[in-house]
Amino acid sequence: MLLLPVSLMLAPLALNGQSDLKLRFDRPAKHFTQSVPLGNGRLGAMVFGGVQEDRIVLNEISLRSGGPEDADRPDGAKYLPEIRRLLLEGKNAEAEKLVYANFTCQGKGSNRARGKDVPYGSYQLLANLRLVFPGQAGFTAYRRELDLTRALVKVSYQANGVTFTREAFVSAADEAIVIRLSASKPGLVSFDATLERPERAAVKALDDTNLQLDGVLNDGRGGPGMRFGARLRLRITGGKSSADGSLLRVRDATEAVLLITAATNYRGFAGRKSANAAGAALADLDRISGKPYAAMLRAHLNDYQRYFNRVKLDLGKPPDMPTPDRLHSPDPSLAALYFQYGRYLLISSSRPGGLPANLQGLWAEEIQAPWNADYHLNVNIQMNYWPAEVGNLSELHQPLFALVESLQRPGEVTAKKYYNARGWVAHVITNIWGFTAPGEGASWGSTTTGSAWLVQHLWDHYLYTRDRKFLTWAYPILKGSARFYADLLIEEPKQHWLVTAPANSPENPYRMKDGTRANVCMGPTIDNQLLRYLFDATIEAAQTLGVDPELRNELAEKRGRLPPTRLGSDGRVMEWLEEYEEPEPTHRHVSHLWGLYPAAEISLEDTPQLAEGARKSLERRGDISTGWSLAYKINLWARLSDGDRAWKLLRLLFTPVDGPRDDSIRLKGGSYDNLFDAHPPFQIDGNFGGAAGIAEMLLQSHNGVIRLLPALPSAWADGQVSGLRARGGYIIDMTWKAGRLTSATLRSPLGGTVKVKYGAAEQEVVTRPGGTYNLRI
């Protein structure tokens with residue numbers, strides 16, 4: 001491999017398929033999962049594109065029922081010694097009963113089916129915008145599309161010899177949802193507009209051009225909770241508008257622009273922090289009321305494209321057919337579209353200063369969202385942010401970091417009340433109110449390492465950015481987490497290893513020798529892998545900052561006594577300390593392979609036997625599973641350099657799932673017509689995990705080596721990519737033909753020395769800050 005420094009930045013790659021990044025539909029949406037999403041990180045909209053009547057679901061990311069609560073049992077720590085004694089004696093089922101009785105949260109916890117009615121709360125829709133169009137029963141030439149390059153939805157059709165067009169976008173620059181309606185002939189834009197919500201809101205027209213929605217959710221205790229408000233303002237060219245109760249009526253206009261703003265009075269760890277929701281919505285609206293549509297669109301594009309345009313991917317020319325039809329015969333170009341859709345969704349649901357993307361990003365049509373659309377900490381919210389760094393959207397990671405920071409104070413209380421430990425902890429679920437207690441069910445809620453997995457994202461961000469200022473900010477969070485887990489560990493009697501107890505391997509049961517099925521255990525493999533990563537990261541961070549030598553020594557000593565990742569008698573990676581029988585051998589979680597991805601303690605190069613054990617584990621788990629599980633397995637197969645198997649999993653992720661939620665197929669995931677991930681139901685983590693997996697097939701950068709095309713499927717014979725980021729801050733552009741790398745460029749904004757590997761060829765590259773290097777293979 002010959003490396004030539006390039007004095008000037010290379011010209012951008014000519015990416016043929018990149019120019020057609022659109023989700024296309026030839027009919028209006030009937031279901032939420034056929035509508036198309038827009039968002040600015042705070043406000044969201046789902047456009048159905050109906051002809052006679054259009055529905056647009058509106059969201060505001062902080063709108064959640066419930067409120068802060070003390071969910072920690074005051075006497076939890078009193079039961080910890082007995083729980084541990086039972087586990088040490090192998091009486092796991094008895095320990096689990098004790099956990100259920102005395103070591104879960106107090107109260108109802110997330111009450112998953114009805115979280116909106118308890119303090120934990122549920123994410124909820126803001127409102128539905130209804131647009132009714134008189135006299136348009138018959139139509140032809142219907143087209144609805146979401147342009148990912150512009151974050152803009154366009155609906156067009158012909159009726160009575162006239163072409164009607166609607167455009168919509170959600171602007172971060174102007175904090176507004178903007179909709180324009182026009183026709184090919186003047187004076188033919190007529191419609192009625194209203195806002196509606198199933199409960200807890202009132203709508204009224206203030207005058208002929210303004211609608212107001214105000215509401216208040218419940219706090220889960222029978223009292224008032226979060227307040228929210230939305231405003232809609234009409235601007236019409238020609239024609240006239242009038243008000244009728246909660247309805248605005250437009251007749252015979254040439255063009256109409258609808259401006260919608262919204263706010264809540266949430267004043268937590270992130271977001272707008274407005275004391276007056278209605279006033280904030282009105283202030284946003286007044287600020288842009290005189291701004292021309294073209295100027296608003298230009299500001300929106302300038303803001304959005306500074307993120308989106310960083311990465312380009314071409315895997316071939318896409319077929320000319322509606323997106324739902326493409327799911328039935330997925331080709332490589334659909335993978336490129338899906339990758340960019342994942343980046344689009346992250347830009348649209350997670351912006352610096354705002355709240356992190358939840359289980360549905362920021363899009364929900366219900367007042368009781370599935371699983372409350374909260375933050376699950378045993379894979380789901382972490383998966384939401386897997387594409388952030390490699391997808392060159394590093395700044396969009398910040399909302400997750402803000403959430404992690406906010407959990408320290410309540411997590412310190414939880415750590416003390418349950419474990420009498422230093423530091424802080426969060427278990428399996430959390431929300432915008434700072435919930436850190438165990439969940440209400442021992443079978444899943446006693447997972448203790450959710451916070452350790454969250455903290456991994458802080459260290460990984462540092463590895464990508466080498467931002468010392470960020471590390472200085474993040475180190476106390478790492479330190480507090482590491483101190484908790486150092487205190488949590490106890491010695492198990494057989495090998496004298498230090499293990500977590502009580503614990504779960506997330507949501508996956510095992511069967512003991514007497515046939516008893518249980519979940520609560522000691523030292524599951526994922527915990528050991530997580531704590532090795534956490535202790536190593538904290539030690540290295542402390543060394544870099546020149547602090548806490550005593551803590552470094554403590555963590556190093558305890559790290560050395562953690563159980564190693566081991567193989568069972570059948571050659572698979574063991575999930576628990578004991579080689580238990582698995583009641584659900586194809587379980588959706590693959591937690592014991594955390595060390596393969598997102599970590600890298602298992603690798604083909606350094607631990608080939610464990611890598612083979614991971615492959616056998618994946619074979620035994622099987623391919624078919626929930627949507628997010630399919631996405632996780634794409635990344636795992638990519639780490640095993642099996643591009644064809646990763647592509648098989650990606651094609652399974654493209655399995656069409658039609659219609660609304662169908663519990664009969666809830667363990668068979670795929671994609672809805674709008675490419676939303678189907679758990680089912682809709683769960684956005686699979687979109688983000690799938691996007692990350694596509695990047696992982698093209699570029700990997702763990703253990704100090706940048707690997708080019710490490711898991712390229714044979715079906716992706718020709719392609720180009722530019723702008724992917726590697727750890728160390730490097731940016732990679734590549735072109736390949738007939739499955740062989742033909743050109744590669746490494747940009748080094750920060751400088752440094754790095755190993756680059758393609759196939760068997762490897763070379764160390766010394767770079768200067770701002771340098772660009774052409775890699776000749």
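1. A residue counts as exposed when its relative accessible area is over 50%, and as buried when that figure is under 20%. Keep this in mind for N160, whose relative accessible area is 68%, so N160 is exposed. You'll find N160 in the loop between β8 and β9 (162–171). One more thing before going on: what you have in front of you is a predicted model.

2. N160 has another quirk. Most residues other than glycine have a negative phi. N160 is not a glycine, yet its phi is positive, at about 55°. A151 does a similar trick: this residue isn't glycine either, and its phi is near 50°. Look for A151 in the loop between β7 (140–147) and β8 (152–159).

3. Is A151 buried or exposed? Its relative accessible area is 4%, which is under the 20% cut-off, so A151 is buried. N160, on the other hand, is exposed at 68%.

4. Now move along to D174, in the loop between β9 and β10 (176–183). D174 has a relative accessible area of 7%, so this residue is buried. Which residues does D174 touch, leaving aside those up to four places away in sequence? They are I288, K291, M296 and A299. For a sense of distance, try A95: it sits 79 residues from D174 along the chain, and the C-alpha atoms of the two are separated by 55 Å.

5. Next, helices. Take α13 (residues 468–488) and α15 (residues 549–559): their axes come within 11 Å and cross at roughly 45°. That angle makes α13 oblique to α15. The crossing of α13 past α15 is left-handed. On the α13 side, the contact uses Y475, K479, A482, R483 and A486, and these meet L551, E554, L555 and K558 of α15. Sort the residues of this contact by class and you get five nonpolar, four charged and no polar ones.

6. A second helix pair is worth a look: α17 (residues 627–639) and α18 (residues 643–653). Here the axes are 8 Å apart and the packing angle is about 165°. Why are the two called roughly antiparallel? The cut-off for that label is over 145 degrees, and therefore α17 and α18 qualify. As α17 passes α18, the crossing is left-handed. From α17, the contact takes in G627, L630, A631, K633, I634, W637 and A638, while α18 supplies R645, A646, L649, L650, L652 and L653. By class, that contact has ten nonpolar residues, two charged and one polar.

7. On to a sheet. Strands of a sheet pair through backbone hydrogen bonds, either parallel or antiparallel. In this model, an open sheet of four strands runs in the order β27-β28-β32-β33, and its pairing is mixed. Which strands are at the edges? They are β27 (699–700) and β33 (761–767), each pairing on one side only. Strands β28 (residues 705–708) and β32 (residues 752–758) run parallel and are joined by three bridges. To trace one of the links, start at I706 and go to V756 in β32, its bridge partner.

8. Last, the peptide bonds. Most peptide bonds are trans. The bond joining A501 and P502 is cis, with omega about -5°, and P502 belongs to the loop between β22 (498–499) and β23 (510–511). Another cis bond runs from P680 to P681, with omega near 5°. P681 lies in the loop between β26 (677–678) and α19 (685–698).

Technical notes. Residues numbered from 1 in each chain as written. Predicted model: local features only at pLDDT ≥ 70, side-chain atom pairs only at ≥ 80, totals over all residues. Heavy atoms only, no water. Axes fitted to C-alpha atoms, helices over the stretch in contact; angles between N-to-C directions. Parallel < 35°, antiparallel > 145°, perpendicular 65-115°, else oblique. Left-handed = near helix turned anticlockwise from the far one by under 90°. Contact = heavy atoms within 4.5 Å. Nonpolar A, V, L, I, M, F, W, Y, C, P; charged D, E, K, R; others polar. Pairing = 2+ DSSP bridges. Buried < 20%, exposed > 50% of the residue type's maximum accessible area, 1.4 Å probe, protein only.
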